[in-house]
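Reader: I'd like to learn how to read aromatic contacts in a model. Can you walk me through them?

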Amino acid sequence: MLTKDALLFDLLAKGCLRQEQLKKSILVSYTREFDSFDAIDIFHIGEKWNREQRLFWSDPDGIERVGLGYVLRLTAAGENRVSSIAEQKKKLFNDAIIEKWDQGLSGGPLLFGGFSFDPDNQKTSLKWHSFGDATFVLPEILLTRTKENKSLLTINCLMTKDKKPYEEYKRLYEQIQHLKRPQRKLASLLEEDEWTSTEEHLDEWMISVKKAIDMIQSGTMQKIVLSRTMRVDRKVPYDIEAILKALVEHQASHYVFAFTMGESTFLGASPERLVKKQGTDIRSMCLAGTTTRGKTEEEDKEKAELLLRDQKNLQEHQWVVNMISQVLSSFCQSLVVPQSPSILKAGQVQHLCTPISGKLKEDKTILELVQALHPTPALGGYPQKEALQWIRELEVSDRGWYGSPVGWMDEHDDGEYIVAIRSCLIKNSTALLFAGCGLVSDSTVTEELKETRAKFKPIFSALGGLYD
């Protein structure tokens, strides 16, 4: 537990002085080692602290992050949303006072957030109002467990003209003392047997799928990705911590995330990295082409081998490889692209997967890479511009942040973004689940319906449903 720390007070005092000199708000960020913690427990503590301002992030390398309270939000709208966020981020970190316990560890002030799939979508609903076209938050308290199994505490404070160093120090110190709590017993998701599920606008979606396939077969397009939604209502509010626990335990190879904005939480377990940047090193992942898992190890292997030979899925996958490779080659001095895909097993489904890595030509920001890569053919279609136009016309529901880049970034313009698939939006006792399918010339409505139902399964299972 954090003891009274003179360095924290000194940093706040320094921030106050700098604020007076520059006549602007100054970010003060302090990171130090912390006691071992349970990430789900800390996220639960945030419910009493400020249940509308908390976030969760874990990755396949075993790094976990929990953020409580938002010092500030960066927001933007429209086609210039990425550059606007980048400019706001730059201003935030200019003149900031940042002290890290160890520069080699993963501490420091991190901005978490994401973008809507399509800022030009005219179907935007009130369900996504608190998320907007682009929203990034800076947690007041950020707890990080590194892959070296070290625990870090980052404290962020925005010093304004009305804040006094000692008062802020005392407030922060008192809040941190509340981070230590006995572990609570999570609700059993499967004991709640009263819920209703509805595959929303199913008939309309199937008609849209048929139209899209007809267009592709006529040569108008090569690929269009259409998403759909399932609504699951319960008589009691959802237990977000229990859902996260289920996802972390059963989707260990995935990125598990939760962003609470106001009364709504967007959460999921995505297997798909969009891009990771650390200095000049970058990594991406091409993920397209899907089949279900087998009931036995032998059947599972057989399905994987069939997927590796399936021309429809191989073509769909190659479009993604081509697009991501082409985009990254313009940024990189060297790029490593495997000649053939491998299989990524992701819960109830398995995918064709091609990892890509490279070295940047010059220092670029993570947001520049995100803007260039989104949306890939895996979530939009091919060609990209035309596919987006048809998605706006054919889809009956609002994707919001589904299928979009979500992630984090630091003051050095490094970070990691994933594609927000296998996800849902939860508000009180209602959950809206999302799934999509890539349509090509030999797609069929029946098979695409089966694929989206398979993609609903990971989140539906975590909610407590029994989905066949």
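Author: Sure, starting with accessibility: buried means under 20% relative accessible area, exposed over 50%, and partly exposed in between (1.4 Å probe, protein chains only). By that scale Tyr382 is partly exposed at 31%, while Trp319 is buried at 10%. This is a predicted model, where local features need pLDDT of at least 70 and side-chain atom pairs count only at pLDDT 80 or more, though totals for chains, interfaces and linings use all residues. Residues are numbered from 1 along each chain as its sequence is written, and side-chain values use heavy atoms, with hydrogens and water left out.

Reader: How is a pair of aromatic rings described?

Author: By the distance of the centres and the angle of the planes. Rings of Phe, Tyr and Trp (its six-membered ring) pair if their centres lie within 6.5 Å; planes under 30 degrees apart count as stacked, over 60 as edge-to-face and the rest as tilted. Searching the whole structure turns up 17 aromatic pairs. Take Phe257 and Phe259: their centres are 6.1 Å apart and their planes at 40°, so that pair is tilted. Phe257 is buried at 0%, and Phe259 is buried at 0% too.

Reader: Are the rings of Trp319 and Tyr382 stacked or tilted?

Author: Stacked, because their planes sit at 15°, with the centres 5.7 Å apart.

Reader: Which residues form one aromatic cluster?

Author: Trp128, Phe131, Phe257, Phe259, Phe266, Trp401, Tyr402 and Phe434.

Reader: And charges over rings?

Author: That needs NZ of Lys or CZ of Arg within 6 Å of the ring centre and within 35 degrees of the ring normal. Here Arg399 lies over the face of Phe117, at 4.1 Å from the ring centre, and Arg145 over that of Phe37, at 5.2 Å.
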